[in-house]
Amino acid sequence: MQKNSLLKHIIYYLTNEVKTRMINFWYKVLSGNQKKITYRIYQLMLSIPHFESKWMNKIQDILIETGRIDLWFNQFNLPQYSIKHTIKQILIDQYKQNWQSALQNSAKGRHYSIFKNDLLLEKYFLTLRRPNYTYLVKFRTGNHYLPAEVGRWHNIPLSDRKCLLCNKNDIGDEMHYLLICLFSDKKDINTLKDMFTLIQI
Ligand SMILES: [Zn+2]
C-alpha cells in the first residue's frame with residue numbers, strides 16, 4: 001500500500017471516529033437526564049432564534065451526509081437504540097463505496113479491486129512468510145514488470161501492451177499470465193516468483 005493511500009485511510013478512520021463520537025454525545029445529551037446542565041444548555045441553544053453553534057451545525061452536517069437528517073427533525077423522539085452504530089456503519093459503507101469507485105477509475109486500481117473487497121488486513125499477511133507474501137502483494141498491486149504495467153510508465157496505450165512471450169496477441173496483464181499465456185504453462189514456472197523472475201529477463 002502506498003504511503004499516501006495509507007494516510008488517506010488513517011485520516012478517514014480518525015474523521016469517522018470523531019463524527020461518530022459527536023453523534024454519540026448529541027444522542028446522550030438528548031436521551032439523558034433532563035435535569036442535567038448539558039440538556040438545559042442544549043434546550044436553551046435551540047430556543048434562541050438563529051442561534052449559531054458550530055457544534056450544532058456539524059451535527060446537522062453529519063446527519064445530512066449520512067442521509068439521516070430525519071433524526072434532527074425528530075430529535076425529541078429519537079429511537080431507543082443507540083444511533084451511534086447506525087451512523088458509524090453508514091459512514092463506513094459510504095467510504096467503501098467511494099474507495100471502490102476510485103479503484104475502478106484508476107489504471108492500477110481496476111486489477112486490485114478484483115481481489116480487494118474490504119478495508120481489512122488480508123489473512124495472507126498472517127499466514128504466509130514475508131518472502132512469499134511479498135510476491136503476492138506485488139501481483140495484486142501492479143508492482144511488477146508485466147507489459148501492462150511497464151507500458152503504462154511509457155504512456156503506451158493499454159491495447160498495445162501485448163505479451164511478447166506467446167502468440168495469443170493478448171495484453172500482457174496479470175490475468176493473461178495467470179490464466180492464458182502458454183509461457184506460464186512451462187514446468188519451471190510454479191510460483192509468482194518464477195513468473196516475475198523470468199519476465200524481468
Ligand atoms: Zn502470453
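**View 1. Helix H8 and the glycine that follows.** Let's start with helix H8, which covers residues 130–141 of this predicted model. Its 12 residues reach 16 Å from the first C-alpha to the last, close to the 16 Å expected at 1.5 Å a residue. Step just past the end of H8 and you meet Gly 142, with a positive phi of about 70 degrees.

**View 2. The whole chain, helix after helix.** How many helices and strands does the protein chain have? Count them and you get 11 helices and zero strands. Written out along the sequence, that gives the pattern α-α-α-α-α-α-α-α-α-α-α. If you wonder how side chains line up on elements like these, an α-helix has 3.6 residues a turn, so residues three or four places apart point the same way. Of the chain's 201 residues, 13% count as buried. Now take the contacts between residues at least 6 apart in sequence: 45% of them join residues at least 24 apart.

**View 3. The largest nonpolar core.** Zoom in on the 10 residues that make up this core. Two of the rings here belong to Trp 26 and Tyr 27, and the core also includes Ile 23, Ile 59, Ile 62 and Leu 63. Leu 71, Ile 83, Ile 87 and Leu 91 complete the group. Which elements give two or more residues to this core? They are helix H1 (3–31), H3 and helix H5 (83–104). Apart from this core lies another one, of five residues, among them Leu 146, Ala 148, Cys 163 and Cys 181.

**View 4. Who touches Ile 83?** Put Ile 83, a member of the largest nonpolar core, in the middle of your screen. Leave aside its neighbours within four places in sequence, and Ile 83 is in contact with Ile 23, Tyr 27, Leu 71 and Leu 78.

**View 5. His 50 in its loop.** His 50 sits in the loop between helix H2 (37–47) and helix H3 (54–65). Its phi is near 60 degrees, a positive value in a residue other than glycine. Is His 50 buried or exposed? It counts as exposed, because it has 4 C-beta neighbours inside 10 Å, and the cut-off for exposed is 12 or fewer.

**View 6. Asn 169 in its loop.** Look for Asn 169 in the loop between helix H9 (147–153) and helix H10 (174–180). Asn 169 is not a glycine, yet it has a positive phi of about 60 degrees. With 7 C-beta neighbours inside 10 Å, Asn 169 counts as exposed.

How values were computed:
Residues numbered from 1 in each chain as written. Predicted model: local features only at pLDDT ≥ 70, side-chain atom pairs only at ≥ 80, totals over all residues. Helix = DSSP H or I, 4+ residues; strand = E, 2+ residues; numbered from the N terminus. Buried ≥ 20, exposed ≤ 12 C-beta atoms within 10 Å, placed from the backbone. Expected span 1.5 Å × (residues − 1). Contact = placed C-beta atoms within 7 Å. Core = buried A, V, L, I, M, F, W, Y, C linked by C-beta atoms within 7 Å.
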